[in-house]
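Thanks for making time this morning. I would like to walk you through one model, beginning with its aromatic residues and then turning to a sheet and the helices beside it.

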Amino acid sequence: MRRDGCGELRREAAGRKVVLAGWVHRVRNLGGVTFVDLRDASGIVQLVLRNGAHLAHEDVVRVTGTVCPREAPNPSLPTGEIEIEVAEIEVLSRAKPLPLPVADEGSPSEETRLRYRYLDLRKPRLQRNLRLRHRAALAIRNYLDKQGFVEVETPLLTRSTPEGARDFLVPSRLARGSFYALPQSPQLFKQILVTSGVERYFQIVRCFRDEDLRADRQPEFTQLDLEMAFLEDPEELFPLLEGLVAHVFREAIGIEIDLPLPRLPYAEALARYGSDKPDLRFGMEIVDVIDLFPKQSVLAVLQDKIGVARALPVPGGAAKSRSQLAKLAEAAEGQGLDLLAWVKLSEGISSSLGKHVSAEILTAIAARAGAEQGDLVLVAVGEGGVVETALGDLRLRLARDLGLIPRDRWSLVWVVDFPLFKEGEGHLDSEHHPFTSPRSEDLPLLERDPLKVRAKCYDLVVNGVELASGSIRIHRRELQERIFRILGIGGEEAEQRFGFFLRALDYGAPPHGGIAFGLDRWVMMMAGEPSIREVIAFPKTTTGACPLTDAPAPVDEGQLRELGLRLEP
């Protein structure tokens, strides 16, 4: 017998006999009549029972009945103008008392939610999130297929080639003492695929990193990976990527994205916003103010000794009390600032610098920062880089506190011209990864001044969140080995760790580039959720545990012996 969807019925169906099946969402017993909200994957509809059937939350039932107009419509439901007058009801499965609410969000612990994830996932909000994820993945595949991309699966059992985080290792039974690694990304495989003649590759792929977790991190996660041959400049790739991003936003949540997207150099992002992933939905740009102070002033003296002086405007911030500002200064100075001062524009001008500089200088600082009456300006002095980062953190914190970030706005920007290297502990590290191509004009600086070398890499930043990261890759073996040497990876180590990849570059590798999107993070943002755990069917906790299956779990000694392993006490 045909089953109708609970959420699909409308007023036009009045008088029609229907068969419905689903879960009992809510029950309201009014004596002679019982009202039941019945839920399936399509939505919720109200049932009217007059036979006094005993039903509990999350019982599974099948009903036969007639669609009737509802006397008191419920505008919050798509089916709110009708109800089902039940003629027959069959209980298909009884549910025990629930350990967490399904009909309402409630506030169960994360442990409880994940242990009973099959109940948690029944919530309409999480069902919507999973459907949104499906729509996003479908939109990605449809768009890339039309652009000539081929989806190719890459291995999940590979060799350890650490990319900045710890690998998950899998012991080999047949090669005792050797291990596979679960991939942190398919980086080398996708480059090899392009070298193999797959000129346009993509994959929606599971990746693994054994790292400490946060709201937007999981030990296993999903990313959209793509790579294209015959690219030598990021601008050749951007139009296709922007078209993909716009298509996914349109198909998944009906949002139109203005194209082309702006480009923001890395150094400018740090100078203006104090972050390499700036949120551009609001202003509050950082400005340089050191030139406004006389040589003998306290800020000029500190700047000469330490580095820089920058100012951050805070619209409406003049309402902050002196004690609140003192706490801000204490926290910021704990980040390494030498001084965090303030200037208030409220019925005139006042400042914690009032004993050191004139009113004219304070007025000039406010003007430089674009501040108006009722605003606050924070002035930070300290080491270059530290000042920008501290003000960048304050910019986000104060914007959230003061409600300055628009909730209904999307701001997308390419951050470009990252440095190729960064300082590690006694050595250089890659800013992104060691397969990123340097800008051609900076090649002479590689050995002479490597920290000034810029990379052909790019991050897509959405509302202050890094959504994707990519680069033009190195496609010549001699340049790749040169980069390895600068990173302290000698010839023997490079051959041991990356020999299979270096050999592939010996046989006609085309110039190529690509990108990886964090799919979990993308769906999280489109769903308006605070954590990627809300858009993953079976996530781990912040300790990497799965309460549903109690993983990770011990294994018996027989399995360990078979693998040639022994646990230390």
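Which residues form one aromatic cluster together with Phe249? Before I answer, please keep in mind that what you are looking at is a predicted model. The partners of Phe249 in that cluster are Trp410, Phe517 and Trp522.

Taking the structure as a whole, there are twelve aromatic pairs, and I have picked out two of them to discuss. In one, Trp414 and Tyr458 meet edge-to-face, with 6.0 Å from centre to centre and 90° between the planes. This pair links distant parts of the chain, since Trp414 belongs to strand S17, residues 412-416, while Tyr458 belongs to strand S20, residues 457-462, and the two are 44 residues apart. Are these two rings buried or exposed? Trp414 has a relative accessible area of 0% and is therefore buried, and Tyr458, likewise at 0% relative accessibility, counts as buried too.

The other pair I chose is Phe435 with Phe498, again edge-to-face, at 5.7 Å between centres and with 80° between the planes. Phe435 sits in the loop between strand S19, residues 428-430, and S20, whereas Phe498 sits in helix H12, residues 491-505, so the contact ties together parts of the chain that are 63 residues apart in sequence. With the cut-off for buried set at under 20% relative accessible area, Phe435 qualifies because its value is 3%, and Phe498 qualifies because its value is 2%.

Let me now move to the sheet. It is an open one, built from five strands in the order S12-S13-S16-S14-S15, with antiparallel pairing. Its edge strands, each pairing on one side only, are S12, at 287-288, and S15, at 349-351. Further in, S14, residues 339-345, and S16, residues 376-382, pair in the antiparallel sense over six bridges, and within that pairing Val343 has Val377 of S16 as its bridge partner.

Which strands of the sheet does helix H8 touch? This helix, residues 322-333, packs on the sheet with contacts to S14 and S16, and its direction makes about 150° with that of S14. Helix H10, residues 386-401, lies across S13, which spans 308-314, as well as across S14 and S16, and runs at about 5° to S13.

One last detail concerns a charge and a ring: Lys344 lies over the face of Trp342, at 5.7 Å from the ring centre.

Methods: Residues numbered from 1 in each chain as written. Predicted model: local features only at pLDDT ≥ 70, side-chain atom pairs only at ≥ 80, totals over all residues. Heavy atoms only, no water. Pairing = 2+ DSSP bridges. Helix = DSSP H or I, 4+ residues; strand = E, 2+ residues; numbered from the N terminus. Contact = heavy atoms within 4.5 Å. Axes fitted to C-alpha atoms, helices over the stretch in contact; angles between N-to-C directions. Phe/Tyr/Trp six-rings, centres within 6.5 Å; stacked < 30°, edge-to-face > 60°. Buried < 20%, exposed > 50% of the residue type's maximum accessible area, 1.4 Å probe, protein only. Lys NZ or Arg CZ within 6 Å of the ring centre and 35° of its normal.
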